[in-house]
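Hello,

I am passing a structure on to you here, and I would like you to look through it before you read my notes below.

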Amino acid sequence: QGPGVEHLLLIVAHFLLPGALIGIFLRDAVANPPEPGAHAWHIMHSIGGVSALLVGGASAAVLIGYPSFLAHPRRTSVRASSVAVIAGVLIAFFLCFPQLYAAKSLWHTFSPTTTQPTHSVLEALQNSEWGGWGTVQLLVSTVVIAPLVEELLIRGLLLGVLWRLTGLTWFSIFATATMFGFMHMQQPQDVVPLTTFGILLAYVRFRTRGIMPCIMIHALFNLRTMAFVLLNPEMARAAG
């Protein structure tokens, strides 16, 4: 029971279709991408956010229509879910941020003259032409849309499909975590920390059999990064 490969392929097609359409109808913007924070960049980011919500909705529909054992939470109390979220956030901070700092230090050691790439959202947050509205848009996309869609797609659909095909819990956890890490390959220094984060989220998914704790942990993790950049812009620039 549960979603199959055909459902996963359908969702992946939905995920790739907006990018293909943008490439067709906005060739100039793709060939010469606007600077993060520019008006055109915010427009494209908005289109991406809407597309992501469609992917998340399709993933949720598949998970509801084809439930697996992961659709039946072991713990339904608010207290148990809250404990899982708090513990998950603390463990994520304890494991992932030291790995990120270590990766940045290694990069600087072996390539001191190369600038480490910064996530476009963090750049836009400091240089937005939309001002306050740009900040609101970026917070919503990073703290609400990204955790919701990525968890439904990866810890919801993809994890369920792999577990159904293999029956191997830890293989499914490590495979989805690795995919999650390499989804952020534009910032190579983030791959290992985010792979670790993916392992943690998948483990929480199996332990609680609920997707909401994963979404909340992911949202709070992203919120910490956004708050750091907003409250310490100079330190953020130096860290980038």
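The helices mentioned here are DSSP runs of H or I with at least four residues, and they are numbered from the N terminus. Please keep in mind that this is a predicted model. By that definition the protein has 10 helices and zero strands, and from the N terminus on its elements run α-α-α-α-α-α-α-α-α-α.

Taking the protein as a whole, 42% of its 240 residues count as buried, while about 13000 Å² is exposed, with carbon and sulfur atoms supplying 71% of that area. Among the contacts with a separation of 6 or more, 77% are between residues 24 or more positions apart.

One helix that I went through in detail is α7, which covers residues 169-182 and has 14 residues. From its first C-alpha to its last, α7 reaches 20 Å, close to the 20 Å expected at 1.5 Å a residue. Its buried residues are Ser-172, Ile-173, Ala-175, Thr-176, Ala-177, Phe-180 and Gly-181, and what covers them includes α6 (132-166), α8 (191-208) and α9 (212-231).

On the surface there is a nonpolar patch, formed by Trp-133, Val-136, Val-140 and Val-144, which together have about 410 Å² of accessible area. Val-136, one of these residues, is found in helix α6. Why does Val-136 count as partly exposed? The reason is that its relative accessibility is 41%, and partly exposed is the class between under 20%, which is buried, and over 50%, which is exposed.

Best wishes

How values were computed:
Residues are numbered from 1 along each chain as its sequence is written. This is a predicted model: local features need pLDDT of at least 70, side-chain atom pairs count only at pLDDT 80 or more; totals for chains, interfaces and linings use all residues. Side-chain values use heavy atoms; hydrogens and water are left out. Helices (H or I, at least four residues) and strands (E, at least two) are DSSP runs, numbered from the N terminus. The expected span of a helix is 1.5 Å times one less than its number of residues. Buried means under 20% relative accessible area, exposed over 50%, partly exposed in between (1.4 Å probe, protein chains only). Contact means heavy atoms within 4.5 Å. Patches are made of residues with over 30% relative accessible area and no salt bridge: like charges are joined within 9 Å, nonpolar side chains (Val, Leu, Ile, Met, Phe, Trp, Tyr) within 5 Å. Accessible areas come from the Shrake-Rupley method with a 1.4 Å probe; for residues, only the protein chains shown count as cover. A salt bridge is a side-chain nitrogen of Lys or Arg within 4 Å of a carboxyl oxygen of Asp or Glu.
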